[in-house]
Each structure stands twice: as structure tokens, then as C-alpha cells.
Amino acid sequence: MKSYLTCAASTLALVASTAAFAGPEAEVLHYWTSGGEAKSVAVLQKEFADNGGTWTDMPVAGGGGDAAMTALRARVLSGNAPTAVQLKGPAIQEWYEEGVLADISAVAEANNWADVLPESIAGHMKCEGTWCAAPVNVHRVDWIWANSDVLSSNGIEMPKTWDEFNAAAAKLQAAGIIPLAHGGQAWQDATVFEAVALGILGADGFRKAFVDLDKETLTSDAMVAVFDQMRKMRGFVDPNFSGRDWNLATAMVMNGEAAFQIMGDWAKGEFMAAGKVPGDDFLCMSTPGEGFLYNVDSFAMFSVDGEEKRQGQDLLAKLVVGQNFQKVFNLNKGSIPARTDVSLDEFDSCAVLSADDMAASSAGGSLLPSYAHGMALRGAQSGAITDVVTAHFNSDMSSADAVQQLATAVANSM
Ligand code: GAL
């Protein structure tokens, strides 16, 4: 009798615990809301569901993720962090220092991340030696996109120097075409600024300015020239640029209203989602100058209670670094896989160019973290720089004043 009871009790306990476990769950905070981005994140949602997971979507619109980061802070402060968050660069370590990130080393080790990720990327995913984020891709930031018909019908080639860009823009403007599609949002101003800065300062100058925060470089004549070029860029945008979302700027290039856009290759995701063909409908080239500005999207997991959520985090981390996922997701997103063992056979010519340039830049010492996309600096420092860039772009501030303000803002942010 006793043994029957014990057996029945343990069966009941088993049933209860099985019933209580609802399967892996994840509430995912991200800012992938444009056409190409939504298609990409849908790949992850499907893969998560196919593996038994329940996904709760928490999209926060706003390119570059500023609004998403504000939403994240509010959630963490109220003691209710999302399970997984699209987070990248030094912000990962900043959250780790607040003691709110989960350790995903077990997943990383079981799936050999150390062997399939380049060291430069793996370094961003670690917090004091443990794995604290999972990388999804490599976006290149220093791209110039163009409408091929607009260029050919105006006798214009893709510009290889900033002087060529300025000459092409002046010619287009005279023909009644908007030379540069741009959205007046601080992160978009910063995106154009860092591409111009890489071209004018060179890779070493860029590193000194935006990684080392070297005062001499921040106030150099070359930096004055960067702001001079930014003033020219301001003259090449249309009067309605303020507040425009980046994907609407991409649409202006698609429909021929504008000729160029300077934007990371998530813009390619928009062209592709609209059925446009690279080399045919639109052109891609790196912005004038040497080097490669990388921007690696990743997910960090926040410390949460509950077995469902913890298993959801492990499943999500495993899936995003998975070989097939890295291919399919990045075909939609415009980026290239973070893993080194994914074939690029199905990728387009812009992606192949990106991978080749990344390898060459890595070998030549000009592979650099994007400051505008939160890969190079902590939030306080990158924010201080962007404030000056935007204030200059939206006023008649002189370049000489801008470099002085830059040095002061950086010093005050330390
Ligand atoms: C970048 C991000 C990309 C893309 C873009 C526009 O910072 O890395 O994945 O979403 O912003 O929001």
C-alpha cells in the first residue's frame, strides 16, 4: 500500500511539474520595424516557434535603437527586464556592470562559438571572460547607395573621392534631383559624419578620434575638414529632411527622387524587400576612403526568474548563432553572417564585397568599430560626440567652433 501511494504521489508530482512547464518562452525587445528588418526578425520568430518556443514580441520603433534603449532602461528599473534584448557593443558590458545580465557561457561552449566566430566579434560578446551576448551579423556602416538609372541618365559614376561626390551632387542638384536622401535624426547625422570622418581622417585618425578620444585628433585640421564636408552635405539634402526615418530616405533613392544615401547595409535589406536588384536597380560602394566600419547586432539575455524564460534564453542564444539561421536572416537583413563558416554562395555582390573588404581591412589594420552605432564607445562618450555633430548639422556653427565643442563635450563626458 505504502509503495503504491509513494508511486502515485510521484506520478502526480511528475504530471504537475510537466503541466507547469509551458516550454521555452522569450519576450524579445528589438527595434527591427522597417520592411526589411521585419522580414528578418520573422525568420527568428519562426525558428523559435519551430523549436517549441513561445515568442512575445516587444518591438520599439526608431532607427538606431535610441527609443528601444529608453524602453529597456524603464523596464529594468521597474524590476521587470525583458528576457532577451537586441543590444550591442560596449552597452553590453555597461549592462553587465549593473549586474543584470545572464551568463550564456554554457550555450556558447556547447555550440563551439569560440571556433566559429572571429576573435574581433567574440570580444564584444564577453563580459569578464564569460559569454554575455550572442552575435547575429556584421553590418557595414560606411556604404553609399545609389539609384543606377538616376546616375546613368545624368552621366554620373559612383564617387571615389569626396570631391567627386561633391561634383556629382552639384550636377544632380542643377538637374532638379535631390543629391542626398537623409533623415534628420541624430543617429543618421552621426552615420554620415563617421563615414565622412573615416574618409578624411583615414583609419588611424578615425581610431585616434573615436576609439582613443585623442584630443589632438579631435581638434586637428583634418577634423575641421570633416565638419567642412558635413556643411556641404547639409546643402545636398532636401528641405523636408528633419525627423525623416532612414527607410523613407532609402525609398527616395528607390523611386528616383534622390540619387544617393549614406547608410549601413540595413538599407540593402529595404531595397531587397522591395524586389530591387543590386548592380541593376541600385548600386553599392564603400564611401570614399580606406577602411571598414563594422556594426555587429547581438542579443543579450537579462537575469529573469522562471524555467520557461531561462530555457527560452538558451534556445534563442543557440538559434541566433546557428549556421542556417545566420544565412537566412542575413540574406534578408542586408548584413553578412558573424560566423566564419557560412557560405556566401547565395549572397549578392554587395555582401561579397563587404566580406572581402572586411577580411582585407582586418589584415591591414583598418577594421574599425562604428562609433555612430554604439560599437566603439560607451554611451556617454558617443552621445557627447553625436550632440555636437547634430548641433553643427542643424545650425550655421563654424567647423572651428565644432571641433572645440567636440573636444570639450568629450572631456566633460569622461
Ligand atoms: C543599426 C542596427 C541595425 C538596424 C539599424 C536601423 O544600429 O544595428 O540592425 O536596425 O540600426 O535601425
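Tryptophan 32 places a polar side-chain atom 3.0 Å from an oxygen atom of the ligand, and this distance, like every other value here, is read from a predicted model. Two further residues approach the ligand in a comparable manner: in aspartate 297 a side-chain N or O atom is 2.7 Å from a ligand oxygen, while a polar side-chain atom of histidine 373 lies 2.8 Å from an oxygen atom of the ligand. The protein buries 100% of the 300 Å² that the ligand would expose if it were taken alone.

Around these contacts, the surroundings of the ligand comprise 13 residues, of which Glu37, Lys88, Asp297, Lys333 and His373 are the closest. Sorted by class, this shell holds four nonpolar residues alongside five polar and four charged ones. The space that the ligand occupies is, moreover, the largest cavity.

The position of the ligand can then be related to the domain organisation, in which the chain is divided into domain 1, spanning 25-139 + 295-353, and domain 2, spanning 140-294 + 369-413. Each of these two domains supplies at least three residues to the shell around the ligand.

Beyond the ligand shell, the two domains also meet one another, with 28 residues of domain 1 in contact with 27 residues of domain 2, and their C-alpha centres lie 27 Å apart. Taken together, the predicted model shows a ligand whose exposed area is buried by the protein to 100%, and whose shell draws on both domain 1 and domain 2.

Note on methods. Residues numbered from 1 in each chain as written. Predicted model: local features only at pLDDT ≥ 70, side-chain atom pairs only at ≥ 80, totals over all residues. Heavy atoms only, no water. Near = heavy atom within 4 Å. Polar contact = N/O pair within 3.5 Å; in protein donor to acceptor, adjacent residues only side chain to side chain. Areas by Shrake-Rupley, 256 points an atom, 1.4 Å probe, with all protein chains shown as cover. 1 Å grid on protein atoms, 1.4 Å probe; cavity = no way out; pocket = protein on both sides within 12 Å on 5 of 7 lines; lining within 4 Å. Sits in = over half its atoms within 2 Å of the grid points. Nonpolar A, V, L, I, M, F, W, Y, C, P; charged D, E, K, R; others polar. Domains from an automatic or database assignment. Contact = heavy atoms within 4.5 Å.
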